[in-house]
Amino acid sequence: MKEADMFNKMFSKKLQEKMTDKLLNYIAPLGKQKNYSKNQIVEICDSNHIYIVTNGYFKELVYSPEGKEISFYRLNAGTIFGEMDFFDNQKTFGIVKSLEKNSSISTVNRKIIEEMLITDKELYWCFMHSIIRKFRIISLNYVNSLSNDSTGKLAGFLIALIAQHGQKCTQESKIIPYPYTHQEIANALGISRITITKSINELKKLGLITYYGKYIKIENPKELMNLYKTVW
């Protein structure tokens, strides 16, 4: 199996869209809506709630003892967090932070979710899909960090984003429809921002990526994949 096909199978857009529709249109309206400004921290009360992103972007992260930000994954509209805590009754150790103004979250309490689970078995699937997807993102980033140099790490990160969110522009090129700063990519990969900037410039010189406004455009995903060392 080709590596790119493996990424696409790991991050099925069809399944993600199905989960997004379920959460945004059927579950989120039952919760309490709250808006967040850019860089505002979300207060996670306990394990008795599910949090659904209804607008904007958030990310889940932790801080090292030195205060360095370590990012796990981006949370876009239609994604959830708190689902693992909900099932094991443990409060999360991660922090969730808004990435842009006017971002919003719907908080749905345990009683509502448990009542829905009695009659709506598909909701279990939504939670499992979200947990598995996050596990795969973290697993890929871990393997990537051990198997590639800085340019290879960046290539793998971008290929994974294409599989998750990529939109076709031309016959070859695809765009990542969410803005990513150099610092955010650096935090996700455990690399300095300066190193990420150098790697991005290298990929631009090779003609593999460009920028479409504030969005990263992958001009040749197949050639970009050649820079990434896989374990399969």
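Trainee: Quick one on Y180: buried or exposed?

Mentor: Y180 counts as buried, since its relative accessibility is 9%. The cut-offs are under 20% relative accessible area for buried, over 50% for exposed and partly exposed in between, with a 1.4 Å probe and protein chains only. Keep in mind that this is a predicted model, where local features need pLDDT of at least 70 and side-chain atom pairs count only at pLDDT 80 or more, while totals for chains, interfaces and linings use all residues. Residues are numbered from 1 along each chain as its sequence is written, and side-chain values use heavy atoms, with hydrogens and water left out.

Trainee: OK, where does Y180 sit?

Mentor: In the loop between β9 (174-175) and α7. The helices (H or I, at least four residues) and strands (E, at least two) are DSSP runs, numbered from the N terminus.

Trainee: And which residues does Y180 touch?

Mentor: Not counting residues up to four places away in sequence, Y180 touches R74, F157, L161 and I185. Contact here means heavy atoms within 4.5 Å.

Trainee: I185 is in α7, right after that loop. How many residues of α7 are buried?

Mentor: Six of its eight, so α7 is largely enclosed by the rest of the structure. They are E184, I185, A186, N187, A188 and L189.

Trainee: What covers them?

Mentor: The cover includes β3 (57-63), β4 (69-76), α5, α6 (150-165), α8 and β11 (215-218).

Trainee: Let's take α8 from that list. At what angle do α7 and α8 pack?

Mentor: About 110°, with the axes of α7 (residues 182-189) and α8 (residues 193-205) 8 Å apart. That makes α7 roughly perpendicular to α8. Axes are lines fitted to C-alpha atoms, for helices over the stretch in contact, and angles run from 0 to 180 degrees between N-to-C directions. Under 35 degrees counts as roughly parallel, over 145 as roughly antiparallel, 65 to 115 as roughly perpendicular, and the rest as oblique.

Trainee: Which residues make the contact?

Mentor: From α7 you have H182, Q183, I185, A186 and L189, and from α8 R193, I196, T197 and I200. By class, that is five nonpolar, three polar and one charged. Ala, Val, Leu, Ile, Met, Phe, Trp, Tyr, Cys and Pro count as nonpolar, Asp, Glu, Lys and Arg as charged, and the others, Gly among them, as polar.

Trainee: What's the backbone doing just after α7?

Mentor: G190 takes a positive phi of about 70° there.

Trainee: Fine for a glycine. Which residue has a positive phi although it is not a glycine?

Mentor: N39 is one, at about 70°, in the loop between β1 (32-36) and β2 (49-55). N39 is partly exposed, with a relative accessible area of 45%. N102 is another, with a phi of about 65°. N102 lies in the loop between β6 (95-98) and β7 (103-109) and is exposed at 53%.

Trainee: Switching to α5. What should its 26 residues span?

Mentor: At 1.5 Å a residue, α5 (residues 122-147) should span 38 Å, and its end C-alpha atoms are 37 Å apart, which agrees. The expected span is 1.5 Å times one less than the number of residues.

Trainee: Which residues of α5 are buried?

Mentor: L123, C126, F127, H129, S130, R133, K134, I137, L140, N141 and N144. S130 has 4% relative accessibility, and its contacts, leaving aside neighbours within four places in sequence, are M19, I80 and E83.

Trainee: M19 belongs to α2. How do α2 and α5 pack?

Mentor: The angle between α2 (residues 13-27) and α5 is about 125°, with their axes 10 Å apart. That makes α2 oblique to α5. L15, Q16, K18, M19, K22 and I27 in α2 meet E122, L123, W125, C126, H129, S130 and R133 in α5. The classes there are six nonpolar, three polar and four charged.

Trainee: Last one, D85: buried or exposed?

Mentor: D85 is buried, at 10% relative accessible area. It sits in helix α3 (residues 83-88). Apart from neighbours within four places in sequence, D85 is in contact with S47, Q90, K91 and T92.
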